[in-house]
Amino acid sequence: MFPSQVQTLNMSTTSSSSIWLLSCRKLKFFTRIRRFLQSKAARKQYGSSASDHSNKLRIVNNTDEEEDLVVEKTESELDGSMALQKSVKRLHFGSWEEKEMAAKAIEKLAQEDVKVRKLMAELGVIHMLVSMVDTEVVGRRLAAIKALIELADGTFTNKELMLEAGILSKLPKDIDAVDDQTRHEFAELLLSLSSISNTPFSLAKTEVLQFLIAILESATSIETKETCLGVACNLSAVLENARPLVSNGTVHTLLKLSSFKELSEKALAALGHLVLTLMGKKAMEDSSMVPESLIEILTWENKPKCQELSAYILMILAHQSSTQRDKMSKAGIVPVLLEVSLLGSPLAQKRAMKLLQWFKDERQAKMGPHSGPQTARIAIGSPLHPREAQEGKKMMKNLVKQSLHKNMEMITRRANAAGDSSNLKSLVLSTSSKSLPY
């Protein structure tokens, strides 16, 4: 046999094999569609037999309106099955314009039932939609993302298939080149995917974190930023994600966003997860915004949840760390904690009182060896003159009263409480230093 004949034979063999593979693929596709339609027909046949019996009752009772409703319901089910078959066929074998129309139809069909969403995944819809996300045509990409969001709703398997198909690699590298609506839809899809656990696919990848941080630091809508913070909160709840989150600068971004009341709660929730790890706690301790920004959040009386989360983070930072307690004390945390312990929510009050107790114990430990008559010192050296000891006690008592009076006036001014300042002053002056909670 001549070489030209061999080459021609190989080409014909390759062409026939490709045609055979395409035919097999179409055969499998239409076989699944036929099974789905047969199951629908069986249910309709069963429903029709029940409908015949009910029709007799309706004839006897002259209830023609119910019969019309049954007919309309049967027609709508048939239309839905035909629409599903047509949409899946267009998505697999149609042109790009037909694929876009099919993606929009699939989005609507996926809203009906979880079983429909699972059936679409079995028909290979997810892989086709993921491939469409990579297109540069805005409308086509947006239709694919919206369809994926609906398909991911309430099904773990579909989310896994999306991750397996490489949806995370389709995230845009340049946020400025993407419109606001596409950013929001991408964020919604990531929020849905980040809710799954026990998956071999890691969502805390560099491209995902860079995408989130870029949106959070850009001039994007508050709604989109809230969605991205929800993703960060879900990711931070997994211990293995702490290292990539911290190394990509997520802590700094979350601390900045926590100062905005619209975004503070979700940002603080993510920080509350990260502060439990060594890397997260170290990043917060080294930040120039800590503890001042967290102390400022404690003064938000109309945001009790933010107060609770801020107090929780401060407790973790202050626990067994005299350096952090000194920084907090110099930043003026004690009067703020006193206010929260009186006016905050029950949980915020409990956490504030715990912090105040730590500051009280630390102050007593520092002052103990240096102030007051000590038994050991009296035994070794000369005793103090009674008059000097009395004057020292009187001076310390006046200082405590002045400090308490200043704190109470600050609380009264912030809480806008009604009351006479003179009455408050007399109340404070008549209070013993033993009533101090710190």
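# A guided tour, starting at helix H12

Start by selecting H12, a mostly covered helix in which six of the eight residues are buried. This is a predicted model, so keep your confidence colouring at hand as you go. The buried residues to highlight are Thr250, Val251, Thr253, Leu254, Leu255 and Leu257. Which helices do the buried residues of H12 pack against? Show H9, H10, H11 (242–247), H13 (264–274) and H14 (278–285), and you have the set.

**Zoom out for a moment**

Colour the whole protein chain by secondary structure, and you will find 22 helices and zero strands. Of the 438 residues in the chain, 39% are buried. If you draw a contact map, counting contacts with a separation of 6 or more, 70% of them join residues 24 or more positions apart.

**From H12 to the loop before H10**

Now go back to H12 and pick lysine 256. Its side chain meets that of glutamate 217 in a salt bridge, with 3.9 Å from N to O. Lysine 256 belongs to helix H12 (residues 250–257) while glutamate 217 sits in the loop between H9 and H10, so this pair ties together parts 39 residues apart in sequence. Are these two partners buried or exposed? Lysine 256 counts as partly exposed because its relative accessibility is 35%, and glutamate 217 is likewise partly exposed, at 46%.

**The H9 and H10 pair**

Glutamate 217 has brought you to the next stop. Select helix H9 (residues 206–216) together with helix H10 (residues 222–236): their axes come within 9 Å and cross at roughly 145 degrees. The crossing is left-handed. To see what makes the contact, show Leu209, Leu212, Ile215 and Leu216 on H9, then Thr224, Lys225, Cys228, Leu229, Val231 and Leu235 on H10. Sorted by class, the residues in this contact are eight nonpolar, one polar and one charged.

**Across to helix H8**

Keep cysteine 228 on screen and add glutamate 188. The two are 40 residues apart along the chain, and their C-alpha atoms are separated by 8.0 Å. Glutamate 188 lies in helix H8 (residues 180–193). Beyond its neighbours within four places in sequence, glutamate 188 is in contact with Ile149 and Thr227. With a relative accessibility of 26%, glutamate 188 counts as partly exposed.

While you are on H8, select arginine 183 and aspartate 180. Their side chains form a salt bridge, 3.7 Å from N to O. These residues are three apart in helix H8, so about one helical turn separates them. An α-helix has 3.6 residues a turn, so residues three or four places apart point the same way. The two ends of this bridge are worth colouring by accessibility: arginine 183 counts as buried, at 8%, whereas aspartate 180 is partly exposed, with a relative accessible area of 45%.

**A buried arginine without a salt bridge**

Next, select arginine 117, in helix H4 (residues 114–122). Which side chain of opposite charge is nearest to arginine 117? Aspartate 153 is the one, 4.4 Å away, and arginine 117 is buried yet has no salt bridge. The cut-off used for a salt bridge is 4 Å from nitrogen to carboxyl oxygen. To see the surroundings of arginine 117, display Ala110, Gln111, Glu150, Leu151, Asp153 and Asn158, its contacts once neighbours within four places in sequence are left aside.

**One more salt bridge, then two backbone stops**

The model has six salt bridges by this rule. One more to visit is that of aspartate 286 and lysine 282, whose side chains meet at 2.6 Å, N to O. Aspartate 286 counts as exposed, with 53% relative accessibility, and lysine 282 as partly exposed, with 45%.

A little further along the chain, switch to a backbone view. Most residues other than glycine have a negative phi, and most peptide bonds are trans. Where does the chain hold a cis peptide bond? Select valine 290 and proline 291, which are joined by one, with omega about 5 degrees. Proline 291 lies in the loop between H14 and helix H15 (292–298).

For the last stop, pick glutamine 320, which has a positive phi of about 55 degrees although it is not a glycine. You will find glutamine 320 in the loop between helix H16 (304–318) and helix H17 (322–330). Turn on the surface here: glutamine 320 is exposed, with a relative accessible area of 72%.

Conventions: Residues are numbered from 1 along each chain as its sequence is written. This is a predicted model: local features need pLDDT of at least 70, side-chain atom pairs count only at pLDDT 80 or more; totals for chains, interfaces and linings use all residues. Side-chain values use heavy atoms; hydrogens and water are left out. Axes are lines fitted to C-alpha atoms, for helices over the stretch in contact, and angles run from 0 to 180 degrees between N-to-C directions. Helices (H or I, at least four residues) and strands (E, at least two) are DSSP runs, numbered from the N terminus. A crossing is left-handed if the near helix is turned anticlockwise from the far one by less than a right angle, and right-handed if clockwise. Contact means heavy atoms within 4.5 Å. Ala, Val, Leu, Ile, Met, Phe, Trp, Tyr, Cys and Pro count as nonpolar, Asp, Glu, Lys and Arg as charged, and the others, Gly among them, as polar. Buried means under 20% relative accessible area, exposed over 50%, partly exposed in between (1.4 Å probe, protein chains only). Lys and Arg count as positive and Asp and Glu as negative; His and the chain ends are not counted.
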